[in-house]
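Let's take a look at the charged side chains in this one, with a stop at a tryptophan along the way. Have the sequence and the model open as you read.

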Amino acid sequence: MPRPFQDTKQAFSILAACSALLAGTPVAEAQNRSRPDTVNADQLPPQIKLGLRAATIRHAIPTADAVVLVPDERAYYDALSAWTQTRRFPILIEDGSYRSIEDAARFVRAFRPARVVRWAPEPQDSGLTLREHAVHAVDAAWDWEPDEDRDNAARVLRWRSLGPVPPAVVIADESDPARAGAAALAATYALPLAWADLPNGLNRVLEPGIAGDIEAACRRAAIEAGLSWSDLGDEADAIALCANAGVKVRMGGLQTGSFIALTDVIGRHENGERWAWAGQIHGDARESVYRAMSSVFLRPERAWLFDAYEGGEPWSAYDATAARNPLENARLEVVVLDEPRQGIRHWRSAVSGAIDAGLVFVNSSGNRNFFNLRPGRGDPGDAPFLDVPAAVHFVHSWSANAPADERTVAGRWLARGAFAYTGSVEEPYLSAFVQTPQVAARLAGGAAWAAAVRNTPSPAWKVQVFGDPLFTLAAPAPKRGDQLPLEGITDLTEEMRSAARDRRTAEAARALVLLGRDADAASLAKAAVNADEPIDPDLARVALLPLLRERARREVISAFRALSDEGRDEDARDALWHAAQPMIVIAESHPDTTGLLSLLTENQRAGQEFADAITLSVAWRTAAGQAAAVNVLRQAAERLPEGSGRRRNAERRIERFINGG
């Protein structure tokens, strides 16, 4: 059986190919020029060295040109066990929920496979715990028979004999569903998978001692695996924490009310010096697998940058326009919204459908539940729908303070499909963030995600890193069209055709979405909207986001009207608002749209009801008069806690509105 690294020359050739893509050099030319004696990885900065080591391992094993959808975590481990040293394939958990459909479809649109298939093996009572299932799957992915006596030191020795040297360690908790993402990273990068008792609750505050225990577990994992780890630039230079552990660590001493970021606490010696860069993958099994697979199998093709900062120091150092060149040199298509297109209307116009970018940079200010633009203010619901999975770098205070709460900035971006995210857990001050052009240059130069977004050296501080720490902009593994080693798979194209023949329109639309065929799914919904019969609520919900991505705004509104109360979830409400934003502006001068304004008023979004009411108030004043507009504002204000600062601010805002402000 061919080994993933047949010899040193091949390994350096792969490394050169990854470097070539980042530098804009033709891959074949770089590989022909490359020789082991002309590439000295030890002379690279540790951030770049780590990224290229990870990219080399990721690139070495070809990928089947297909996406496999499985119904649950156990089936996922069964599918992962079918990976080999000569073939891998992306696996996603699609359990029938709307979120799982959207996550899978987002991945498919980026990966563009020749086939999308379902695989649901017969449930078998293997007697294995989910932890044991995960470990067996990682071993099987490297063609090893299960062996209960095999420890991580033995695994690392065998990986060394095959070629790859693990660039990181993975830490998971057997009771935490993010263990599923841990198995994907371990199987991909040849990483020792270690287990620890980790605190649950992404939004909780950890005491320093608990964070110290997590750091000790990371260090122990590297030592027990037999990896050199104590300095940057050695073998274990990254930590993938796959758990829903709290992202905030309480600071001791005089700042007992302040927090620092968990991923900036771990990977450090007792004197504070860094020995590894860390990233955190969280979520349930489905979400953690989506985040891991997006990092492993996708390479962004486009970048979207929005800069709400003014000119002059210190803001100019973060200039998004200056980040364009390195990204374009890395062969990304780049869209930059900068001065004078920095306001809320520019933002909402740009995101009214979806953004088709796998890399996103935003510079703003504000708090965890709003972001300031110039002029105007955005709320969590203004986060764009993502056409493809995205890595997001958000220079902004507090955005990741409560990432499990979708009423916050980071929470909404992560719910939208960001597979990696960098943001602060508290006020960090601007200098805590790596300057936007530098992050772009580092990523374009091959740096790993967790290293590219960190100031090094620096003390532990408030910037949290989500996602695979080893993610890079290097080329993913090449695709090849061989057969999948799974029995009983169902081709999604055949599923779609069968549903269409039997006039099961909602099922056909669901299959089309999962196949990445949004335009066709939207066409089915448009036909239903234009028919005399009521729209099937299931069809309306499945097709709502494809309609939005196709910018069929009026059909989005019609589909939303057809939804059941259960179907009007936060994603659906956001879709309605994104579609309606341009029409709200028109309503300010066309007072014949009270039906739309009523629909929006009835579907204000949780946590930002008053902000939504403000957006509507000017249009309501034009459409139905001052009293109607004030009534909308007062109803929204009454939902805020009585006596709270938010309630008082809302009442002051109403008074200004009444007085013409």
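Is D574 buried or exposed? D574 counts as buried, because its relative accessibility is 0%. Keep in mind that this is a predicted model.

## Two arginines on one aspartate

D574 pairs up with R412, with the closest N and O atoms 2.8 Å apart. R412 sits in helix α14 (residues 409–416) and D574 in helix α22 (residues 570–587), so this salt bridge ties together parts that are 162 residues apart in sequence. R412 is buried too, at 3% relative accessibility.

R416 also forms a salt bridge with D574, and here the closest N and O atoms are 2.2 Å apart. Again helix α14 meets helix α22, so parts 158 residues apart in sequence are tied together. R416 is buried, at 2% relative accessible area.

## The wider network

These residues belong to a salt-bridge network that also includes R99, E406, E570, D571, R573, R605 and D612. Across the whole structure, a search turns up 46 salt bridges.

Another of them joins R549 to D518, with the closest N and O atoms 2.4 Å apart. R549 is in helix α20 (residues 537–549) and D518 in helix α19 (residues 518–530), 31 residues apart. Both partners are buried.

## A positive patch

Out on the surface, R648, R652, R653 and R656 make up a positive patch. R652 belongs to helix α26 (residues 645–658) and is partly exposed, at 44% relative accessibility.

## A tryptophan in a loop

W229 lies in the loop between α9 (208–224) and β8 (238–242), yet counts as buried at 16% relative accessibility. Its contacts beyond four places in sequence include R219, H269 and W275.

Terms used: Residues are numbered from 1 along each chain as its sequence is written. This is a predicted model: local features need pLDDT of at least 70, side-chain atom pairs count only at pLDDT 80 or more; totals for chains, interfaces and linings use all residues. Side-chain values use heavy atoms; hydrogens and water are left out. Patches are made of residues with over 30% relative accessible area and no salt bridge: like charges are joined within 9 Å, nonpolar side chains (Val, Leu, Ile, Met, Phe, Trp, Tyr) within 5 Å. Accessible areas come from the Shrake-Rupley method with a 1.4 Å probe; for residues, only the protein chains shown count as cover. A salt bridge is a side-chain nitrogen of Lys or Arg within 4 Å of a carboxyl oxygen of Asp or Glu. Lys and Arg count as positive and Asp and Glu as negative; His and the chain ends are not counted. The place of a charge is taken as NZ of Lys, CZ of Arg, CG of Asp or CD of Glu. Helices (H or I, at least four residues) and strands (E, at least two) are DSSP runs, numbered from the N terminus. Buried means under 20% relative accessible area, exposed over 50%, partly exposed in between (1.4 Å probe, protein chains only). Contact means heavy atoms within 4.5 Å.
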